[in-house]
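What follows is a walk through one structure, taken a strand, a helix and a ligand site at a time. Keep the sequence and the model in view while reading.

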Amino acid sequence: MTTDRIDDTDRSFLFVLGSSRPEGNTEILARAAAEQLPAGIPQRWVDLAKHPLPDFQDGRHEDGTWPVSEQEEELRRLTLEATDIVIASPLYWYAVSANTKRYLDYWSGWLGVPALDFKKRMSGRTLWGVTVMAEEEEDTADGMIASLNNTAAYLRMRFGGVLLGNGSRPGQVRGDERALTRAKTFFEREAPLARFPSEEETGER
Ligand SMILES: Cc1cc2nc3c(=O)[nH]c(=O)nc-3n(C[C@H](O)[C@H](O)[C@H](O)COP(=O)(O)O)c2cc1C
């Protein structure tokens with residue numbers, strides 16, 4: 001049932017920033033967590049606002065091929081090269097931001113390209129989340145956490161959970177000591193193979 005844990009020496013992290021403003025709280029928190037990664041583990045950072053993807057068009061069931069934009073090709077390459085993908089999105093309306101959602105929608109397009117073997121190649125890799133939100137009640141992020149967990153489960157990925165922080169104005173998360181403490185050990189967490197809630201109940205895969 002399990003896929004072998006990827007050895008640390010083979011690991012590389014892709015941080016996907018999904019905020020609509022530069023140097024926001026989510027990036028600050030993601031960088032605080034990333035600082036703790038061993039120096040030998042490569043990190044790549046991509047800011048979706050600086051490299052915007054065109055709106056996703058669902059051509060999965062159409063004949064022929066769709067033109068692939070430069071941004072899409074670059075993101076696809078970065079995604080497939082990483083063993084660990086960190087979705088660093090602010091909480092927008094209790095979910096990931098539109099930029100982030102669009103990036104994930106492209107995953108569906110990539111799933112539909114047989115030559116890419118996307119599902120097979122993503123299986124066993126690890127999905128993580130980082131989010132900052134204005135509200136104090138952390139359970140209002142449950143929808144976002146469930147969405148990322150289910151995305152990982154669909155792709156047979158591991159899921160390391162979501163690092164939560166609190167803040168509204170840019171930089172405010174620096175005052176959230178609990179979040180900064182959690183950031184120090186976030187990537188040391190066990191990241192088990194993700195399961196859909198129904199599998200949790202029955203223990204089945
Ligand atoms: C479009 C939008 C929607 C938001 N929705 C929520 C929300 O549902 N819950 C919440 O706690 N904060 C919400 N916020 C506040 C942001 O999560 C908060 O300002 C956060 O610090 C932004 O992160 P950033 O600095 O990385 O962009 C929203 C902000 C915007 C702009």
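Begin with strand S3, which has both of its faces covered: Asp84, Val86 and Ala88 lie buried on one side, and Ile85 and Ile87 lie buried on the other. The strand spans residues 84-88, and five of its five residues are buried. The model is a predicted one.

S3 has paired strands to look at next. Strand S1, residues 13-17, runs parallel to S3 and is joined to S3 by five bridges. Within this pairing, phenylalanine 15 stands opposite valine 86. Strand S4, residues 126-133, also pairs with S3 in the parallel sense, over five bridges. Here isoleucine 87 of S3 has glycine 129 of S4 opposite.

Phenylalanine 15 deserves a closer look. Apart from neighbours within four places in sequence, phenylalanine 15 is in contact with Ala30, Ala34, Gln43, Arg44, Trp45, Val86 and Ala88. Two of these names, Val86 and Ala88, have already appeared on one side of S3. Ala30 and Ala34 are among the buried residues of helix H1.

That leads to H1 itself, which covers residues 25-34 and has nine of its 10 residues buried. The buried ones are Asn25, Thr26, Glu27, Ile28, Leu29, Ala30, Ala32, Ala33 and Ala34. What lies over them? The cover includes S1, S3 and S4, together with strand S2 (43-47), strand S5 (158-166) and helix H6 (177-185).

These parts meet again in the largest nonpolar core, which has 44 residues. Which of its members touch the most others? They are Phe15, Val16, Leu29, Ala33 and Val86. Two or more residues of this core come from each of S1, H1, S3, helix H4 (118-122), S4, helix H5 (142-154), S5 and H6. H1 gives the most to the core, with six residues.

The last stop is the ligand. Around the ligand are 19 residues, of which Gly24, Thr26, Pro90, Met133 and Glu135 come nearest. Sorted by character, the shell holds nine nonpolar, seven polar and three charged residues. Which elements each supply at least two residues of this shell? They are H1 and S4. H1 gives the most here, with three residues.

H1 thus appears in both settings, as the element that gives the most to the largest nonpolar core and as the element that gives the most to the shell around the ligand. S4 also belongs to both, as one of the elements with two or more residues in the core and with at least two in the shell.

Key:
Residues numbered from 1 in each chain as written. Predicted model: local features only at pLDDT ≥ 70, side-chain atom pairs only at ≥ 80, totals over all residues. Buried ≥ 20, exposed ≤ 12 C-beta atoms within 10 Å, placed from the backbone. Helix = DSSP H or I, 4+ residues; strand = E, 2+ residues; numbered from the N terminus. Pairing = 2+ DSSP bridges. Contact = placed C-beta atoms within 7 Å. Near = placed C-beta within 6 Å. Nonpolar A, V, L, I, M, F, W, Y, C, P; charged D, E, K, R; others polar. Core = buried A, V, L, I, M, F, W, Y, C linked by C-beta atoms within 7 Å.
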